[in-house]
Amino acid sequence: MKRVDILKKQQARLEEDIRAMLDSFLIGNICKSPSMSGYNLTTKVDGKTVTLYVPKDIVPKALEMSERYKMLWQLIQKLSKVNWEILKLENR
């Protein structure tokens, strides 16, 4: 099997994994507020840090969704590398 065929299979698998994660993720970090008793979601918007209050009853789900984003980002990075390799091989 050619290298490009192997990479295309990897590409398809990564795309499938990414699609499966797109339904529920949160960009940002969930952290306990040092000055308050609750949790916050912090993220960057237009270069500025934005903080949102997270009610304690949804903290577990918010943590899960935040972790999901981290995994999604790693998959996107892997897909980018595979796409780069395919591009190089197809344009020889």
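Among contacts in the protein between residues at least 6 apart in sequence, 57% join residues at least 24 apart. Keep that figure in mind while reading this predicted model.

Start with the elements. There are 2 helices and 3 strands. Their order along the sequence is α-β-β-β-α. The radius of gyration is 18 Å, whereas the globule rule gives 12 Å for 92 residues, so the protein is more spread out than a compact globule. The box around the C-alpha atoms, taken along the principal axes, is roughly 60 × 25 × 15 Å.

Next comes the surface. Of the 92 residues, 25% are buried. The accessible surface comes to about 7,000 Å². Carbon and sulfur atoms account for 57% of that area.

Charge is the next topic. The protein carries 17 positive and 11 negative charges. The mean positions of these two sets lie 5 Å apart. How many salt bridges does the count come to? It comes to 7.

One of these salt bridges joins the side chains of D23 and R68, with an N to O distance of 3.3 Å. This pair links distant parts of the chain. D23 sits in the loop between α1 and β1, while R68 belongs to helix α2, which covers residues 59-90. The two partners are 45 residues apart. Is D23 buried or exposed? Its relative accessibility is 64%, and the cut-off for exposed is over 50%, so D23 counts as exposed.

Now look at S24. This residue also lies in the loop between α1 (3-21) and β1 (29-32). S24 has a relative accessibility of 17%, and buried means under 20%, so S24 counts as buried. Which residues does S24 contact, once its neighbours within four places in sequence are left aside? They are M65 and R68. R68 thus appears twice: as a contact of S24, and as the salt-bridge partner of D23.

Helix α2 also holds salt bridges within itself. Take E64 and K61. Their closest N and O atoms are 3.6 Å apart. Both residues lie in helix α2. They are 3 residues apart, about one turn of the helix. E64 has 47% relative accessibility and counts as partly exposed. K61, at 42%, counts as partly exposed too.

E67 and K70 form another such pair. Here the closest N and O atoms are 3.1 Å apart. What is the spacing of E67 and K70 in helix α2? They are 3 residues apart, about one turn of the helix. E67 is partly exposed at 43% relative accessibility. K70 is partly exposed as well, with a relative accessible area of 36%. Elsewhere, salt bridges that share partners join R13, E16 and D17 into one network.

Put the pieces together. The α-β-β-β-α pattern comes with a radius of gyration well over the globule value. In the loop between α1 and β1, D23 is exposed, whereas S24 is buried. From that loop, D23 reaches R68 of helix α2 through a salt bridge. S24 adds contacts with M65 and R68. Within helix α2, the bridges E64 to K61 and E67 to K70 each span about one turn.

Notes
Residues are numbered from 1 along each chain as its sequence is written. This is a predicted model: local features need pLDDT of at least 70, side-chain atom pairs count only at pLDDT 80 or more; totals for chains, interfaces and linings use all residues. Side-chain values use heavy atoms; hydrogens and water are left out. Helices (H or I, at least four residues) and strands (E, at least two) are DSSP runs, numbered from the N terminus. The radius of gyration is taken over C-alpha atoms; the globule rule is 2.2 Å times the number of residues to the power 0.38. Buried means under 20% relative accessible area, exposed over 50%, partly exposed in between (1.4 Å probe, protein chains only). Contact means heavy atoms within 4.5 Å. Accessible areas come from the Shrake-Rupley method with a 1.4 Å probe; for residues, only the protein chains shown count as cover. Lys and Arg count as positive and Asp and Glu as negative; His and the chain ends are not counted. The place of a charge is taken as NZ of Lys, CZ of Arg, CG of Asp or CD of Glu. A salt bridge is a side-chain nitrogen of Lys or Arg within 4 Å of a carboxyl oxygen of Asp or Glu.
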